[in-house]
Amino acid sequence: MKILKHIPKLVFMLALLVVSSCKEDLTEINENPNGVDPNSANPNLIMPTVMTGVANQYVRLGYGRIAGVVQHTQEDAWKDGFNDYNWNEEDDEWKAWYGFLRNNNLLYKRAVETKFKFHEGVALTMRAFIFGTISDLWGDAPYTNALKGDEGEMLPAFDSQEVIYKGIIEDLKAASAIFGSTGDERDAPAYDVYYNGSTQKWQKFANTLLLRYYMRISGKLPDVAKAGIESVYASGIYIKDAGDDAVMDFIGTDGNNSWPTATAFDVSESNWRRRRPASTLINNLVANSDPRLKVWFQPVHVRWVADPTLAKGMDDFIREDGKILTGVKSFTEQELRAKIAAGHKYTRHFNPNTYKPSRPEQFNGPLNAGEYVGVPPGMIDPTYFNENPTTGQQVQNQHASQLNYTYQGNKGGILKARLASAAESSFILAEAAQKGWAAGAAAAHYNNGIKQSLQTWGVADGYDAFIKQKGVTYNGTQAQIIEQKWISSWTAATEGWFDYRRTGLPKLVPGVAPVSRALPLRFIYSNNELNNNGESVKNAIERLEETSFSGPRKKNSQWSKPWLVQGTGKPW
């Protein structure tokens, strides 16, 4: 796409635009000659700024700590926020999402003024996506009176989740109608970093988001959800092919425009190396011979071998091609990568009859001798897992799997920010049909969801064998639908989290480290908001439901229930 190489400049230019728009009554002598007048801003130049910012922020959640919440991944050092949900106030996250809304508000305003109908539809879709994400993450939030600082609305009230979800549904309906009728893209193919200006694909995206949010509110407003999903299904307009997924490619020019764990901008490779597959996910993939396993993860570098003839509980040193390397407890990741690529195999032996953990207060489980090994969620200190010989901050756990080397890259291939997918559409429709709603056959949608996910990750040729696995063949339950949807949300784990919160599925068990002993439900309102818009925030906090896990933060806790799950008995 031509626009991608210009995005860094566009981001800078739009930053100037936002700054220059804050003080409209500055005297002429103080005007910024490099600024952009918001009254004449070109919608084409605003649109990619909104889209890239949202996509980057979304993947950094879904591939980041929310993947830790839903047990896709764990981190084996500096783990508190990732594995243990030891979260603080979310001021930077809050500012980021409302920053996107300010730029998007300008996009919408200019699109209406210039009669750029395609851009108007994009702005409505992105507004729904952003506000939906904010409400999904925090709960109640400024909505009706948000973004009205130029009208004197400096302390907007927080609307309820119910009001916000109903509002974004109306925005998505309006966007879908625009995309269904307009052919006026106005140079959009050069600036649309998701769909190259395709109105048909944008309409599918908007309708897929309708499916998402109708199902999101199904526990609270089942009649609204049922009618809405049935209507979208009857239209036949939603993402059905993995090639139409709402994705953004990365340009890889710097750390801000690259995949989050790109080692080109992280010499120590720490961000990639410390992130490990969680045992919850990897055990499921192994048990069902899931073809996505090898796309996402690597085999362990040094595999444990059960050896009842071993004189002691376990080897002190590793073995290369069966021969003990006396004095060598480990190699670095870089050394192992080169040696394994050269054809060497590395093992350590243990006697299953006499083995005793060397640090039982940290790791007292059986040794995992599997080819693929994930880190259990919420360990007290995961650096000790599976008798890792290099513990603490030097961790290079050779006895646990790592993410595929693909995730060291900065761009290309499967490295995409994914906002919505064909697989998600199918699993939502499968769940709707399983409930008895008029949305087709549950089994067909379920099978399609799996096939579309395999297509996304380039392993569609494994579908026929995979769908016959005992744990995969459809058994008619919501639990199985949500389990496969949870797997398919890899790198977009926010959707897995929100489904878990809504359904309690899959039945994720917290580890021993989190004080709460429960998975979190929301983000925490920041002290900055409390200090600057205290009354509105306090009213929103009062509407939260404190739980037995809420702890000293009481209602403003990551374990308090927002409206969406109050009274549902979910997820716990």
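How many salt bridges does the count come to? The answer is 30 salt bridges, and they make a good starting point for a walk through this predicted model.

## Salt bridges across the sequence

Let's begin with Asp76 and Arg276, whose side chains meet in a salt bridge at 2.9 Å, N to O. Asp76 sits in the loop between β1 (73–75) and α4 (80–83), while Arg276 belongs to strand β5 (residues 275–277), so this pair ties together parts that are 200 residues apart in sequence. Both partners turn out to be buried: Asp76 has a relative accessible area of 2%, and Arg276 has one of 0%.

A second bridge joins Arg216 to Glu495, with 3.1 Å between the closest N and O atoms. Here helix α8 (residues 199–216) contributes Arg216 and helix α18 contributes Glu495, so the contact links parts that are 279 residues apart in sequence. Arg216 and Glu495 are both buried.

## A local bridge and a network

Arg292 and Asp290 also meet through their side chains, forming a salt bridge of 2.8 Å, N to O. Arg292 is buried at 0% relative accessible area, and Asp290 is buried as well, at 4%.

Some bridges share partners: Asp136, Arg212, Arg216, Glu424 and Glu495 are joined in this way into one network. You will recognise Arg216 and Glu495 from the bridge described above.

## Aromatic pairs

Turning to the rings, the count comes to 40 aromatic pairs. One of them is formed by Trp296 and Trp490, which are stacked, with 5.2 Å centre to centre and 25° between the planes. Trp296 is part of helix α12 (residues 293–296), and Trp490 lies in the loop between α17 (478–488) and α18 (493–503), so the two rings tie together parts that are 194 residues apart in sequence.

How accessible are these two residues, buried or exposed? Trp296 is buried, with a relative accessible area of 0%, and Trp490 is buried too, at 2%.

## An aromatic cluster and charges over rings

One aromatic cluster brings together Trp87, Trp94, Tyr98, Phe131, Trp138, Tyr143, Phe158, Trp497, Phe498, Phe523 and Tyr525. Among its members, Trp87 has another partner to look for: the charged end of Arg65 sits over the Trp87 ring, 5.2 Å from its centre.

Lys240 offers a further example of a charge over a ring, with its charged end 5.0 Å from the centre of the Tyr238 ring.

Notes
Residues are numbered from 1 along each chain as its sequence is written. This is a predicted model: local features need pLDDT of at least 70, side-chain atom pairs count only at pLDDT 80 or more; totals for chains, interfaces and linings use all residues. Side-chain values use heavy atoms; hydrogens and water are left out. Rings of Phe, Tyr and Trp (its six-membered ring) pair if their centres lie within 6.5 Å; planes under 30 degrees apart count as stacked, over 60 as edge-to-face and the rest as tilted. Helices (H or I, at least four residues) and strands (E, at least two) are DSSP runs, numbered from the N terminus. Buried means under 20% relative accessible area, exposed over 50%, partly exposed in between (1.4 Å probe, protein chains only). A charge sits over a ring if NZ of Lys or CZ of Arg is within 6 Å of the ring centre and within 35 degrees of the ring normal. A salt bridge is a side-chain nitrogen of Lys or Arg within 4 Å of a carboxyl oxygen of Asp or Glu.
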